[in-house]
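I opened the notebook to look up a few things in this model. My topics were the sheet, the ligand site and some backbone details.

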Amino acid sequence: MKHNENEDISSILVSEEQIQQITDRLAKQISEDYRDDERQVVLLIILKGSVPFAAELMKKLTIPVQLEFMKVSSYGATTKSSGEIKIHLDIKRDDLKDLDILIIEDIIDTGYTLNRLTTLLKNRNAHSVKTCTLLDKPSRREVDLTPDYTGVRIPDAFVVGFGLDYNENYRTLPYVGILDPKVYSH
Ligand code: IMP
């Protein structure tokens with residue numbers, strides 16, 4: 001029998017109502033900031049975790065945007081190739097020079113992924129690259145990175161839901177919650 005994923009959550013960290021308030025606020029601010037922008041604004045949605053957040057945010061924007069998707073993973077600080085990012089799915093545009101790119105992320109932890117992705121897009125000559133994250137764990141940061149738009153700062157706990165996963169599960173929960181340690185301790 002399929003089990004109920006809600007039962008593996010020890011506490012709700014960001015409720016559905018809070019997600020609505022956060023996306024209202026961010027969409028308003030982003031729409032204002034890019035209102036007089038004469039270039040094409042592109043929301044770059046990072047798969048898979050950012051999909052629910054991006055979907056909620058984009059429908060509240062009052063400026064025209066285009067959508068692109070990338071799937072990337074970072075090797076992290078512990079491997080030799082810590083300066084690298086692995087691209088699993090890339091944008092199919094040759095020329096980024098007239099684009100103002102806003103990267104949409106689910107969570108910033110060490111900061112390596114977003115740091116490297118920002119550098120990559122700047123090296124490809126994007127006109128501007130800004131970052132927007134639903135969740136930020138500033139206490140875990142290992143590189144100097146401050147997102148341009150932050151939904152909410154959270155303590156150092158492993159969270160799932162609203163896009164975030166543990167072994168590909170829990171992404172469809174409508175809120176962000178702390179995963180009960182019993183789930184990964186057996
Ligand atoms: P960073 O490069 O360390 O900032 O890693 C960011 C990525 O790590 C996110 O896009 C997530 O995929 C993953 N991640 C970090 N913290 C969590 C968490 O608490 N739950 C689920 N995924 C996480």
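I began with a term: two strands count as paired if DSSP finds at least two bridges between them. I also noted that the model is a predicted one.

**Entry 1: the sheet**

I looked up which strands form the open sheet and in what order. Three strands make it up, in the order 1-9-8, and their pairing is antiparallel. I then asked which strands stand at the edges. Strand 1 (9–14) and strand 8 (159–160) do; each has a single partner strand, so one side of each is left without a neighbour in the sheet.

I followed one pairing further. Strand 1 pairs with strand 9 (residues 176–179) over four bridges, in the antiparallel sense. As one position to find on screen, I noted Ile12, which stands opposite Gly177 in strand 9.

**Entry 2: the ligand and its shell**

I looked up where the ligand sits, and the space taken by the ligand turned out to be the largest pocket. I listed 15 residues around the ligand, of which Asp109, Thr110, Gly111, Thr113 and Val159 come nearest.

I sorted the shell by residue kind and got seven nonpolar, three polar and five charged residues. Next I asked which element gives the largest share of the shell. Strand 5 does, with four residues. Strand 5 covers 99–108, and both this strand and helix 3 (112–123) supply at least two residues of the shell.

**Entry 3: polar contacts of the ligand**

I checked distances from oxygen atoms of the ligand. For Asp106, an N or O atom of the side chain is 3.1 Å from a ligand oxygen. For Asp109, a backbone N or O atom lies 2.9 Å from a ligand oxygen. For Lys137, a polar side-chain atom lies 2.9 Å from a ligand oxygen. I then looked up how much of the ligand is covered: taken alone the ligand exposes 490 Å², and the protein buries 80% of that.

**Entry 4: backbone details**

I wrote down a general point before going on: most residues other than glycine have a negative phi, and most peptide bonds are trans.

I found a cis peptide bond from Leu47 to Lys48, with omega near -5°. Lys48 is in the loop between strand 2 (40–47) and helix 2 (51–58).

I also found that Asn125, which is not a glycine, has a positive phi of about 75°. Asn125 is placed in the loop between helix 3 and strand 6 (128–136).

Conventions:
Residues numbered from 1 in each chain as written. Predicted model: local features only at pLDDT ≥ 70, side-chain atom pairs only at ≥ 80, totals over all residues. Heavy atoms only, no water. Near = heavy atom within 4 Å. Polar contact = N/O pair within 3.5 Å; in protein donor to acceptor, adjacent residues only side chain to side chain. Areas by Shrake-Rupley, 256 points an atom, 1.4 Å probe, with all protein chains shown as cover. 1 Å grid on protein atoms, 1.4 Å probe; cavity = no way out; pocket = protein on both sides within 12 Å on 5 of 7 lines; lining within 4 Å. Sits in = over half its atoms within 2 Å of the grid points. Nonpolar A, V, L, I, M, F, W, Y, C, P; charged D, E, K, R; others polar.
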